[in-house]
Amino acid sequence: PIQEVVPVAPHPNETQVSDTMAGTPSGSVEQTQKNRLTLSANQILNLVWFIGFVTMAAWFTAVNIRFQKTAMEDAVRIEVPQIPLPVYESNNILSPCMVGLLRPRILLSPGDTPSSRAHILTHEYTHYRHKDHIWSFIRGLCLCIHWFNPFVWLMLRLSTQDMEIRCDARVIRKLGQKKTYA
């Protein structure tokens with residue numbers, strides 16, 4: 001049996017490749033360079049998002065490193081047997097806080113009275129028990145990823161307020177003295 005051979009038209013790209021391979025480019029060099037430099041809207045938006053992500057991540061990292069370095073500059077360690085975390089007193093902070101993602105520590109202000117220290121230490125240790133240092137990192141990561149979304153900024157603010165209210169409620173429930181603590 002004899003088969004009939006039907007010629008098939010080449011694909012346009014195949015023609016360009018074969019023409020280019022043959023040494024006769026099918027278009028000007030300027031047109032080819034122009035096509036290489038053209039970015040789609042999606043590529044531009046991805047680039048803008050990536051720049052925003054890197055900027056936010058760098059800013060969060062720098063601010064946290066600088067704060068911890070400044071706070072720990074003249075910090076003095078205090079032994080508190082009831083608290084399994086390292087506790088420091090620092091002149092470089094405005095209010096007590098817990099710092100550190102991998103090695104959390106509690107920082108106290110030097111002006112805290114002994115009666116308020118029990119409440120402060122309980123409050124900060126409650127943050128640790130609830131893994132708030134990890135949740136704060138996750139909130140920051142969400143903000144880096146969704147830096148362009150105002151609702152994520154609002155979520156960060158409200159979530160932080162909820163975290164503080166929850167810790168305050170636990171301290172009041174545990175130690176009482178609502179008027180003193182509030």
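Trainee: Which residue in β4 does Met98 stand opposite?
Mentor: Met98 faces Ile106 there. This is a predicted model, where local features need pLDDT of at least 70 and side-chain atom pairs pLDDT 80 or more, while totals for chains, interfaces and linings use all residues. Residues are numbered from 1 along each chain as its sequence is written, and side-chain values use heavy atoms, without hydrogens or water.

Trainee: Okay, so in which sense do β3 and β4 pair?
Mentor: Antiparallel, over three bridges, with β3 covering residues 97-99. Pairing takes at least two DSSP bridges between two strands. Strands are DSSP runs of E, at least two residues, and helices are runs of H or I, at least four, numbered from the N terminus.

Trainee: What links β3 and β4?
Mentor: They make a hairpin, with five residues between them. Gly100 sits in that turn and has a positive phi of about 100°.

Trainee: And in which sense does β2 pair with β4?
Mentor: Parallel, again over three bridges, with β2 spanning residues 87-89. Tyr88 has Leu107 of β4 as its bridge partner.

Trainee: Are the faces of β4 covered or open?
Mentor: Both are covered. Arg105 and Leu107 are buried on one side, and Ile106 and Leu108 are buried on the other. Buried means under 20% relative accessible area, exposed means over 50%, and partly exposed is in between (1.4 Å probe, protein chains only). In a regular strand, side chains alternate between the two faces of the sheet.

Trainee: Which residues build the largest nonpolar core?
Mentor: There are nine: Val80, Ile83, Leu85, Val87, Met98, Ile106, Leu108, Ile120 and Leu121. Strand β4 (105-108) and helix α4 (114-129) are the elements that give two or more residues to this core. Such a core joins buried Ala, Val, Leu, Ile, Met, Phe, Trp, Tyr and Cys residues through side-chain atoms within 4.5 Å.

Trainee: Let me zoom in on Ile83: what does it touch?
Mentor: Ignoring residues up to four places away in sequence, Ile83 touches Ile106, Leu121 and Tyr125 (heavy atoms within 4.5 Å). There is also a second, separate core of six residues, including Ala71, Ile93, Cys97 and Val99.

Trainee: Switching to helix α4: why does His123 count as buried?
Mentor: Because His123 has 6% relative accessibility. It lies in α4, and its side chain makes a polar contact of 2.9 Å with the side chain of Glu164. A polar contact is a pair of N or O atoms within 3.5 Å; within protein, one must be able to donate a hydrogen and the other to accept it, and neighbours in sequence count only if both atoms are side-chain atoms.

Trainee: What's odd about Lys131?
Mentor: Lys131 has a positive phi of about 60° although it is not a glycine. Most residues other than glycine have a negative phi. Lys131 lies in the loop between α4 and α5 (132-145), and it counts as partly exposed because its relative accessibility is 40%.

Trainee: How many residues are in α6?
Mentor: Helix α6 has 26, residues 150-175, and reaches 38 Å from its first C-alpha to its last. Val152, Met163, Cys167 and Val171 are buried in α6. At its start, a side-chain oxygen of Asn149 comes to within 2.9 Å of the backbone nitrogen of Phe151. Just after α6, Gly176 takes a positive phi of about 75°.

Trainee: Last one: how many helices and strands does the chain have?
Mentor: Seven helices and four strands, in the order α-α-α-β-β-β-β-α-α-α-α. Of its 182 residues, 24% count as buried.

Technical notes
Expected span 1.5 Å × (residues − 1).
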